[in-house]
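Colleague: I should like to learn how features of a protein model are to be read. Might we go through them one at a time, with the general idea before each case?

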Amino acid sequence: MTTVSFAHGMVSRSFSQRPDASQFERHCHSGYELLFVLRGEGDYIVEGTQYPLRADTLMLLRPWEYHYVRPQASAPYDRYVIHFDASVPVDAAAH
């Protein structure tokens, strides 16, 4: 895993040639999580709802939403994850 921190969060990239579902436990964060899947197949479970996971999947999770990945062990799993603080103001009018 490669991780880079910034003022209000962090970006990480992870790759698993043969992902083990036991490594992906149910959890939550105090901030937002943005997941982008480069390669992989399986399911993404958010608050008990199951979503298909495949290449080019983009998921945005709100703070305190419980979630986990159930990757298919036969397919490599390559992803970027960005965590950012929920208290950072976003001013859409500034753009």
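Modeller: Let us begin with accessibility. A residue is called buried under 20% relative accessible area, exposed over 50%, and partly exposed in between. Please bear in mind that the model shown here is predicted.

Colleague: Into which class does Arg39 fall, buried, partly exposed or exposed?

Modeller: Arg39 has a relative accessible area of 42%, so Arg39 is partly exposed. Arg39 belongs to strand S3. Leaving aside residues up to four places away in sequence, Arg39 is in contact with Phe15, Ala55, Pro76, Tyr77 and Asp78. Its C-alpha lies 19 Å from that of Leu61, and the two residues are 22 apart in sequence.

Colleague: Which residues does Gly40 touch, and is Gly40 buried or exposed?

Modeller: Gly40 is found in the loop between S3 and S4. Its relative accessibility is 9%, which is why Gly40 counts as buried. Beyond residues up to four places away in sequence, Gly40 touches Leu53, Arg54, Ala55, Pro76 and Tyr77. Between the C-alpha atoms of Gly40 and Pro19 there are 9.3 Å, although 21 residues separate the two along the chain.

Colleague: How should I read the pairing of strands? Which strands pair with S3?

Modeller: The general idea is that two strands pair if at least two bridges are found between them. In this structure, S3 runs antiparallel to S8, and seven bridges join them. S3 is also antiparallel to S6, with four bridges. Glu33 illustrates both pairings: the bridge partner of Glu33 in S8 is His83, while in S6 Glu33 stands opposite Leu61.

Colleague: Which strands pair with S4?

Modeller: S4, residues 42-46, and S5, residues 49-53, run antiparallel and are joined by five bridges. Ile45 has Gln50 as its bridge partner in S5, and Val46 stands opposite Thr49. S4 also pairs with S7 in the antiparallel sense, over five bridges. There, Asp43 has Arg70 as its bridge partner.

Colleague: Why is S4 said to be largely enclosed by the rest of the structure?

Modeller: Five of the five residues of S4 are buried, and S4 is therefore largely enclosed by the rest of the structure.

Colleague: What should I note about backbone torsions in the turn between S4 and S5?

Modeller: S4 and S5 form a hairpin with two residues between them. Glu47, in the loop between these strands, has a positive phi of about 50° although Glu47 is not a glycine. Its relative accessibility is 48%, so Glu47 counts as partly exposed.

Colleague: Where does Asp56 lie, and what is its phi?

Modeller: Asp56 is placed in the loop between S5 and S6. Phi of Asp56 is near 75°, again a positive value in a residue other than glycine. With a relative accessibility of 61%, Asp56 counts as exposed because the cut-off for that class is over 50%.

Colleague: How is a nonpolar core to be read, and which residues make up the largest one?

Modeller: In soluble globular proteins, nonpolar side chains tend to be buried together. Here the largest nonpolar core has 11 residues in all: Phe24, Leu35, Val37, Tyr44, Val46, Leu53, Met59, Leu61, Val69, Tyr77 and Val81. The elements that give two or more residues to this core are S3, S4, S6 and S8.

Colleague: Which residues does Leu35, a member of that core, touch?

Modeller: Not counting residues up to four places away in sequence, Leu35 touches Tyr44, Leu53, Thr57, Leu58, Met59, Tyr77, Arg79, Tyr80 and Val81.

Colleague: Finally, I should like to read the pocket. What is the volume of the largest pocket, and which residues are closest to its centre?

Modeller: The largest pocket has a volume of about 360 Å³. It is lined by 20 residues, and the closest to its centre are Met1, Ser14, Phe24, Arg79 and Val81.

Colleague: Which strands supply this lining, and how is the lining divided by class?

Modeller: At least two lining residues come from each of S2, S3, S7 and S8. The largest share, five residues, is that of S2. By class, the lining of the largest pocket comprises 10 nonpolar, eight polar and two charged residues.

Note on methods
Residues numbered from 1 in each chain as written. Predicted model: local features only at pLDDT ≥ 70, side-chain atom pairs only at ≥ 80, totals over all residues. Heavy atoms only, no water. 1 Å grid on protein atoms, 1.4 Å probe; cavity = no way out; pocket = protein on both sides within 12 Å on 5 of 7 lines; lining within 4 Å. Points joined across faces, edges and corners; volume = space filled by probe spheres on them. Nonpolar A, V, L, I, M, F, W, Y, C, P; charged D, E, K, R; others polar. Core = buried A, V, L, I, M, F, W, Y, C linked by side-chain atoms within 4.5 Å. Buried < 20%, exposed > 50% of the residue type's maximum accessible area, 1.4 Å probe, protein only. Contact = heavy atoms within 4.5 Å.
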